[in-house]
Every structure is written in structure tokens, then in C-alpha cells.
Amino acid sequence: MSNGNGFLQGTLCWIEEAQQFVIELRTLGTLDLRAADGRELHSLLAQPKRIALLVYLCIAEPRGYHRRDTLLGLFWPDSDQEHARTSLRKSLHILRRSIGEDAILSRGDEEVAADFGRISCDVASFDELFRNNRFKEALELYRGDLLTGFFVDDAPVFEQWIQAQRSRLRASAARAAYAAAEQLEKTGDYAGAVSFARHSLELADTDERTLRKLIALQFKAGDRAAAIETYEAFARHLAAQYQTEPSSETRSLVEQVRTGPEGVGRKAHIDLIDAHAAPPAARERIRRRGPALYAAGIVGVLIFITAIWGWIRPAPSRRVVRYTLAIDSIEALRTATPWSGRIALSPDGTRLAYVGGPRAQLLM
């Protein structure tokens with residue numbers, strides 16, 4: 001038992017020591033850089049170009065080593081080779097001094113990288129969670145656009161790169177929120193799905209696919225008024241910002257929402273709304289399946305009607321047989337007897353019998 005406790009204490013000490021060396025870099029939303037003890041690294045945050053260099057090493061893909069020539073073109077495009085390399089060496093030295101000597105790695109003289117064992121970056125974590133379909137966890141890290149309000153002088157190429165990354169991450173967050181909404185929709189949690197769909201629309205404010213998903217979810221959650229208001233607000237936004245209107249697909253969906261029944265028939269109408277809210281590819285698959293499904297439905301109806309008719313139709317009348325019997329004068333029906341003028345028919349309808357002839361015989 002003592003050995004086990006010693007091992008556990010040693011493991012905990014190792015974890016605590018490792019945590020002391022982890023630097024936390026947050027770039028989604030406001031920029032923040034903290035040591036493992038939570039202390040903000042003010043001196044480094046006051047140096048935009050050096051922070052930008054650290055951000056690039058942590059975010060740029062593919063993750064890993066980056067050539068010094070690339071870094072020179074990003075941050076010192078107007079300097080000659082000698083001065084640019086001197087500025088890069090000085091910046092790397094200051095980064096290592098501030099966050100740890102081995103937090104920035106070198107491979108030969110031409111490549112440098114961030115050590116992700118020593119630096120925790122929210123963008124790297126977000127990308128990893130997103131790739132593994134852990135959408136809710138990824139969204140917890142997305143607190144806003146990449147480096148909101150951050151700017152570096154004399155680095156236009158870096159600014160272009162930041163803008164591209166900002167758009168990429170925002171689009172990924174929108175897709176994550178949409179996927180999270182679909183996951184909750186499948187479990188019947190429409191309120192939670194509405195929340196994620198609304199967040200997705202906030203991130204991609206002109207994406208009508210997301211708009212249709214939100215409207216459909218609000219209707220399925222029983223809030224028709226909210227679904228219609230969502231559409232009207234979107235329509236006002238398009239008219240004010242782009243002088244256009246929502247697509248015919250979206251208008252058709254909203255018309256279905258406006259006229260949708262409550263109670264009886266609601267389930268079938270929800271299915272119709274889901275079809276209208278589906279992405280174009282899914283709608284195309286539904287459209288292609290439509291004729292086949294329609295034909296199958298017609299065949300099914302005909303089979304059903306035939307079966308019902310076979311069950312309720314009256315039995316066919318038996319075949320009527322007409323037969324003429326010519327009676328000879330010597331065999332005429334006997335008169336003045338109890339059987340005068342009578343003809344008997346056998347049960348199977350194949351024989352006739354009567355009394356006739358000169359001796360009142362039974363004739364067949």
C-alpha cells in the first residue's frame with residue numbers, strides 16, 4: 001500500500017510540474033496569453049509583431065515546422081534579407097525568454113516550430129475537436145472571431161493570412177453549430193437544436209440553408225410565431241444590406257409554416273417542412289425519388305382497392321340454364337289428379353319429372 005501511495009504521489013507531482021510549464025494562448029475572441037499559474041504575460045502582449053509570430057507558429061497549417069524565409073516574407077516584407085533575419089532572430093529570442101527556452105523549437109538553421117507540449121492554443125484544440133466531430137466541445141472554445149481587433153503594422157501578407165484564417169474558423173464554427181443542432185434534433189431535443197441552429201445562423205448570417213433549418217426546428221418545437229419572425233428578420237436584413245430577397249425555397253418553406261395544421265396532420269406537415277428545409281442535394285434526391293415513390297404509391301392503392309373489392313363484392317349469380325321440353329301427346333301431363341300440371345325438378349337441376357302418359361306413369 002505504501003508503494004502504491006508513493007507511486008500516486010509521484011505521478012501527481014509529475015503532472016503538477018508539467019502543468020507549470022504550459023503556456024495558454026487564446027486567440028478566439030480577445031487575445032490572451034497566460035503562464036500556467038494564470039499570470040498574464042503583459043510584456044509580450046504589448047509587442048504585436050512578436051505575438052503575431054507566436055500565433056502563426058501555433059495556428060498555421062500544416063502544424064509543425066515553418067521555414068524562416070516564409071516568416072520573413074510575412075512579418076518583414078520591406079526589409080532586406082540581413083535585417084529581416086536579424087529581426088526574426090531577436091523576436092524568437094524574446095519569445096523564448098518570455099515563455100520558455102524550449103517552447104520554440106529549431107530544426108537546423110532554417111526551420112522553427114511551436115512546441116505544443118509546452119503551449120496550449122485554442123485554435124489548435126478547436127480544429128482537433130472539429131475534425132473528431134466533437135462539435136459542442138469545439139464551440140465552447142469558439143468565443144469569437146480570431147484575433148478580434150488585432151493589427152500588425154507593415155505586415156500586409158500576415159493581415160491577409162489572418163483574414164483567411166478568421167473566415168475559415170468562423171465557417172467551421174458555423175458548421176459545428178449546424179451539426180450539433182442536427183444531433184440534438186435526432187434525439188428530439190428541439191429546444192437545444194434551435195439554440196445551436198440560431199448560433200449557426202449568427203455565424204453565417206446569409207446562409208439560407210441554416211435559416212431553413214432554424215425555421216423548421218422552431219416549427220417542430222411548436223413555436224410557429226418564432227419561425228415566421230426568424231424569416232421576416234432575415235428578409236429585412238437581406239433587403240437592407242443586399243437589396244435582395246430570400247430564395248424561392250425559403251419562401252416556400254415559410255408558406256408551409258404559415259399554413260401548417262395543428263394537431264391532426266401535423267406529423268405529415270412536419271415531414272413536408274423537413275423536405276423543404278433539406279439541403280439542395282438532399283432535395284434533389286427526394287425529387288428524383290418522387291416519381292418512383294408516386295408510382296409505388298399508386299400501385300399500392302390499386303392493390304388495396306382490389307383486395308377490398310374482392311372482400312365486399314357480391315357473389316356472382318349462378319348460370320341460368322334454359323331448357324325446352326317437348327311433350328308428346330301420348331305423354332301429356334295427366335289431368336284430374338292431385339299432381340295435375342305439376343313438374344318436379346331434381347335438386348341438382350338435371351332431371352324433370354311429371355305424371356303423364358295413358359297409364360298415369362311417373363315420367364322423367
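A salt bridge is a side-chain nitrogen of Lys or Arg within 4 Å of a carboxyl oxygen of Asp or Glu. The structure shown in the views below is a predicted model.

**View 1. R26 and E24 form a salt bridge.** The closest N and O atoms of R26 and E24 are 2.9 Å apart, so the pair falls within the 4 Å limit. R26 is partly exposed, with a relative accessibility of 32%. E24 is also partly exposed, and its relative accessible area is 32%. A search of the whole structure finds 20 salt bridges, and some others appear in the next views.

**View 2. D32 is joined to R34 by a salt bridge.** Between D32 and R34, the closest N and O atoms lie 2.7 Å apart. D32 has a relative accessible area of 10% and is buried, because buried means under 20%. R34, at 29%, is partly exposed. The bridge thus links a residue that is buried to a residue that is partly exposed.

**View 3. R39 and D37 meet through their side chains in a salt bridge.** The N to O distance for this pair is 3.7 Å. R39 is partly exposed, with 47% relative accessible area. D37 has a relative accessible area of 59% and is exposed, because exposed means over 50%.

**View 4. A network of salt bridges links several charged side chains.** The residues in the network are E61, R63, D127, E128, R131 and R168.

**View 5. Strands β7, β8 and β9 form an open sheet.** The strands follow the order β7-β8-β9, with antiparallel pairing. β7 and β9 are the edge strands, each pairing on one side only. Strands of a sheet pair through backbone hydrogen bonds, either parallel or antiparallel. Strand β8 covers residues 352–356 and is mostly covered, as 4 of its 5 residues are buried.

**View 6. Strand β7 pairs with β8 in a hairpin.** Strand β7 consists of residues 344–345 and is joined to β8 by 2 bridges. The two strands run antiparallel. L345 has L352 in β8 as its bridge partner. There are 6 residues between the strands of the hairpin, and G349 takes a positive phi near 75°.

**View 7. Strand β9 pairs with β8 in the antiparallel sense.** Residues 361–363 make up β9, and 3 bridges connect β9 with β8. V355 is the bridge partner of L362 in β9. G356 stands opposite Q361, which is also in β9.

**View 8. Helices α8 and α10 cross at roughly 25°.** Two packed helices are described by the angle between their axes and the distance between the axes. Helix α8 spans residues 156–187, helix α10 spans residues 208–220, and their axes come within 11 Å. The two helices are therefore roughly parallel to each other, because angles under 35 degrees count as roughly parallel. The crossing of α8 past α10 is left-handed.

**View 9. Residues of α8 meet residues of α10.** On the α8 side, the residues that meet α10 are Y178, A181, E182 and E185. On the α10 side, R209, T210, K213, L217 and K220 take part.

**View 10. L147 lies in the loop between α7 and α8.** Helix α7 covers 135–141. L147 is buried, with a relative accessibility of 0%. Leaving aside neighbours within four places in sequence, L147 is in contact with T27, G29, L31, V55, I162 and R166. One of these contacts, V55, is 92 residues from L147 along the chain, and the C-alpha atoms of the two are separated by 9.5 Å.

**View 11. R236 lies in helix α11.** Helix α11 spans residues 224–242. R236 is partly exposed, with a relative accessible area of 49%. P246 and R236 are 10 residues apart in sequence, and their C-alpha atoms are 9.6 Å apart in space.

Terms used:
Residues are numbered from 1 along each chain as its sequence is written. This is a predicted model: local features need pLDDT of at least 70, side-chain atom pairs count only at pLDDT 80 or more; totals for chains, interfaces and linings use all residues. Side-chain values use heavy atoms; hydrogens and water are left out. Buried means under 20% relative accessible area, exposed over 50%, partly exposed in between (1.4 Å probe, protein chains only). Two strands pair if DSSP finds at least two bridges between them. Axes are lines fitted to C-alpha atoms, for helices over the stretch in contact, and angles run from 0 to 180 degrees between N-to-C directions. Angles under 35 degrees count as roughly parallel, over 145 as roughly antiparallel, 65 to 115 as roughly perpendicular and the rest as oblique. A crossing is left-handed if the near helix is turned anticlockwise from the far one by less than a right angle, and right-handed if clockwise. Contact means heavy atoms within 4.5 Å.
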